[in-house]
Amino acid sequence: MIDENEIPALPPLPAVPTPTPTAAASAAASSAPAPRLSLIDNPIQGISQDSLALSRYAYALAEFIDGCDTPVTIGIQGDWGIGKTSLLRMLEELLLPRRGRRFQTPTIYMNTWQYAQFKQEEYLAISILNGIVKEIELRFGERAKEEVKQMQRVGMRLAKFVGAVTSSAIESQTGVNIAAGVAAAKDEDPMAAMSGPDMAAVLQNYRDRFAKLVAKVLQGPRDKLVILIDDLDRVRPGKALEMLEAIINFVDVPGCVFILAVDYGVIQQGVADRLGPEAQLTHGKSYFDKIIQVPFNMPVSAYQPDNY
């Protein structure tokens, strides 16, 4: 490898008189196409398209995922449009099966914004959870079929409850306020007659079923299911917060690595909307830290845009 510090500086070019352009030359210059500028704000699809030297961070995160204990939630933090989706795409590529690797890290990619567009936003969290289960069924087929069927039965009972769940994660890791959820249920909802302990049993059943599903599809002791959830910062702050709580409460089980692309400010706004500005100032960071065990800030200052 050539050290750029060892390359001698080129001598200055001699001054050259500027010729007067002819009419033909001026016409040719005016008709020449303008240089192309890469200003399209689309995420890249893999490492080969990385022009900001972001892939080195993707390699480091992939290595961490290979060796970490589970369950764990990693937060990819940064403003909207800063490159979080591109980093997720590179991680997907690095976690693919490859020769010589003795364990597997299958990935599932979920786009929250797309679900918010086509699903009822009131039930966004349960829609994403059901989407994760369906993606597992598509990926693993018969190996997951029976457990998926069991989960869908429990999921039907959760559908109207999840939107009413409020979090007490500041005081408790579980973060589910059963009494508030039951009280918020509609009179016409058959679940409204369920008591707090009954609903707690349904929630625990869903979590247990998901743990069995993950154990069923992961064949080796070092295998991990990596679930990437993107565009949380493009939905309303309260819904983004609800989505994070649903992950912790329902599907944060052994064998799972969750990677969440999220703007810290959006989650803090969700906490303020839920608990009030004073509580957000006092407890907002601790609230976030209970959900995100491994925060990763997008390394914007280290971007190398020379080839962009």
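Which residue in β4 is the bridge partner of Gln 77? Keep that question in mind while you colour this predicted model by confidence, because the tour returns to that pair once the sheet has been found.

**Confidence across the chain**

With the whole protein shown, the mean pLDDT is 75, and 71% of the residues reach 70 or more. Select strand β3 (residues 225-230), where confidence is highest at 94, and then helix α7 (residues 178-184), where confidence is lowest, at a mean of 45. Next, select residues 23-39, a stretch over which pLDDT stays under 50 and for which the model has two contacts beyond four places in sequence. Residues 165-193 also have pLDDT below 50, although this stretch has 48 contacts in the model beyond near neighbours in sequence.

**The sheet**

Now hide everything but the strands, and look for an open sheet of five strands, which run in the order β2-β3-β4-β1-β5 with parallel pairing. At the edges you will find β2 (107-111) and β5 (294-297), each of which pairs on one side only. Turn the view to look along the sheet, and you can follow a twist that averages 15 degrees from one strand to the next.

**Strand β4 and its neighbours**

Select β4 (residues 256-262) together with β1 (residues 72-77), and you have two strands that pair in the parallel sense over six bridges. Within this pairing, Val 72 stands opposite Val 257 in β4, and the opening question can now be answered, since the bridge partner of Gln 77 in β4 is Val 262.

Add β3 to the selection, which pairs with β4 in the parallel sense over five bridges; to find one of the positions where they meet, pick Ile 227, whose bridge partner in β4 is Phe 258. If you then show helix α9 (residues 237-251), you can trace the path of a right-handed β-α-β unit made by β3, α9 and β4.

**The two faces of β4**

Finally, restore the rest of the protein and show the side chains of β4. In a regular strand the side chains alternate between the two faces of the sheet. Select Cys 256, Phe 258, Leu 260 and Val 262 for one side of β4, then Val 257, Ile 259 and Ala 261 for the other, and you will find that all of them are buried, so that both faces are covered. Counted along the strand, seven of the seven residues of β4 are buried.

Conventions:
Residues are numbered from 1 along each chain as its sequence is written. This is a predicted model: local features need pLDDT of at least 70, side-chain atom pairs count only at pLDDT 80 or more; totals for chains, interfaces and linings use all residues. Side-chain values use heavy atoms; hydrogens and water are left out. pLDDT is the predictor's confidence in each residue, from 0 to 100. Helices (H or I, at least four residues) and strands (E, at least two) are DSSP runs, numbered from the N terminus. Contact means heavy atoms within 4.5 Å. Two strands pair if DSSP finds at least two bridges between them. Axes are lines fitted to C-alpha atoms, for helices over the stretch in contact, and angles run from 0 to 180 degrees between N-to-C directions. Buried means under 20% relative accessible area, exposed over 50%, partly exposed in between (1.4 Å probe, protein chains only). A crossover is right-handed if, with the strands pointing away from the viewer, the path from the first strand over the helix to the second runs clockwise.
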